Amino acid sequence: MDTRTFENLKRELEAGLDPDQLVELERVLSGLISARMAEAVIARQSHRRRIICPHCGSDDVVKDGKDKRGHQRFWCRKRNGHGCGKTFNVLTNTPLARMRKADLWYRFLMMQRGGLSLLRTSEFLKISSRTAWRWRHCFLSLPASLQSEKLDGIVEVDETFLLDSFKGSRGWKRGNPPANRPPRYRGRDASHAVTFSEQVPILMAVDRAGGRYHAVLEARSTKAIEKALGKRIAMGAIVCTDGLKSYSSIVRKAGAEHVVIPPPNRSWLRKAIGGKPRVPGRFTLGRVNAEHESLKTFLNGRFKGVSTAYLPSYMGWLRQAREGGFDTKDYLERPIAARR
Ligand SMILES: [Zn+2]
């Protein structure tokens, strides 16, 4: 619809609707918007009052027509030593930047949420199975960037380990298995003697206001833990850990207080009669250990194991699921609004 017809339509609607028609119109519009949710999210983000250039951070930007995918394009003005002169849209620097066919994204997400296989989804939407596979990973990695900036109050920090997985590695097909390792079947132990190198360390931190931070560590070393966690602890927070040495210096540097929780006594007798009753408000590692368990259940139950390379994506999905449920609009809109 051209601009003039649209303006006329708006004026007519403003002038002559009775309340019943207004309510009816609201229903029709919300149906139209939810059918084209992804495009609506992109359009809404493009109409934000303050748009920041993702290349240089300047806010001196102007609208610059539509790009070939139909998204609003912006141009970062270059003057007085500010700005970079580049163009962008609201999806630049997000995993969705190079994806086409935004009109199908919403239905794709709904079908994936509903548990439809990738093959069936691709047949239904008439996209190639390769595109469907790529989309799944783009959408999965969307919330990976959403993490709590600072954890405050009582913070529980602990690591867990997942078996390193090369699932999906092209090396298997080319007769060149990664890390020179024989195939292992999901759910089995790493081997009779689990070697340390087959374990991927995962760091998790949660606070009691719902803040959470997850990281795949390069190694279980002070350097790796500090790199991941160093700036995430708020000054004055109370940090509970299992007493691993690395934590004390990190906590001290953050200006927080350190509480060491001794490991639970897990003798068979203690297990049989049960632990002491939980005292609310006591310092424990209960919350963060529950988070570890839910990650493992999530990965092995729902996704039948995932490749280590994709762990940050799946952990981002889990965070979003635990924070706000799976509202498809929020799922798309929050990472786009938060992108830098
Ligand atoms: Zn710029």
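This is a stop-by-stop tour of the structure, with selections to make in the viewer.

**Before you start**

The model is predicted: local features need pLDDT of at least 70, side-chain atom pairs count only at pLDDT 80 or more, and totals for chains, interfaces and linings use all residues. Residues are numbered from 1 along each chain as its sequence is written, and side-chain values use heavy atoms, with hydrogens and water left out.

Helices (H or I, at least four residues) and strands (E, at least two) are DSSP runs, numbered from the N terminus.

**Stop 1: the sheet**

Select residues 61-66, 72-76 and 87-88. The first run is strand S1, the second is S2, and the third is S3. They make an open sheet in the order S1-S2-S3, with antiparallel pairing. S1 and S3 are the edge strands, each pairing on one side only. Two strands pair if DSSP finds at least two bridges between them. S1 and S2 share four bridges; S2 and S3 share two.

Now pick Phe-74. Its opposite residue in S1 is Lys-63. Its bridge partner in S3 is Phe-88.

Follow S1 into S2. The two form a hairpin with five residues between them. Gly-70, in the turn, has a positive phi of about 85 degrees.

Show the side chains of S2. Gln-72, Phe-74 and Cys-76 point to one face and are buried. Arg-73 and Trp-75 point to the other face and are not buried. Here buried means under 20% relative accessible area, exposed means over 50%, and partly exposed lies in between (1.4 Å probe, protein chains only). In a regular strand, side chains alternate between the two faces of the sheet.

**Stop 2: the zinc site**

Select the zinc ion and Cys-53, Cys-56, Cys-76 and Cys-84. The SG atoms of these cysteines are the protein donors, 2.3 to 2.4 Å from the ion. Donors are N, O and S atoms within 2.8 Å of the metal (3.2 Å for Na, K and Ca); water is not among the atoms, so sites may look incomplete. The arrangement is tetrahedral because the four donor atoms subtend angles of 104 to 115 degrees. For four donors, tetrahedral requires all angles between 85 and 135 degrees.

In sequence, the donor residues are spaced C-x2-C-x19-C-x7-C. Cys-56 and Cys-84 link distant parts of the chain, 28 residues apart. Cys-56 is in the loop between helix H3 (37-46) and S1, and Cys-84 in the loop between S2 and S3. Cys-56 is partly exposed, with a relative accessible area of 39%.

**Stop 3: Asn-80**

Stay in the loop between S2 and S3 and click Asn-80. Its phi is positive, about 50 degrees, although it is not a glycine. Asn-80 is exposed, at 72% relative accessible area.

**Stop 4: helix H6 and its rings**

Select residues 129-141. Helix H6 has 13 residues and reaches 19 Å from first C-alpha to last, close to the 18 Å expected at 1.5 Å a residue. The expected span is 1.5 Å times one less than the number of residues. Buried residues in H6 include Thr-131, Trp-135, Cys-138 and Phe-139.

Add Trp-105 and Phe-108. Ring pairs link Trp-105, Phe-108, Trp-135 and Phe-139 into a cluster. Rings of Phe, Tyr and Trp (its six-membered ring) pair if their centres lie within 6.5 Å; planes under 30 degrees apart are stacked, over 60 edge-to-face, and the rest tilted. The structure holds five aromatic pairs. One of them, Phe-108 with Trp-135, is edge-to-face: 5.4 Å centre to centre, 80 degrees between the planes. It links helix H4 (residues 105-113) to H6, with the partners 27 residues apart. Both Phe-108 and Trp-135 are buried.

Terms used
Tetrahedral: all angles 85-135°; square planar, octahedral: opposite > 155°, others 65-115°.
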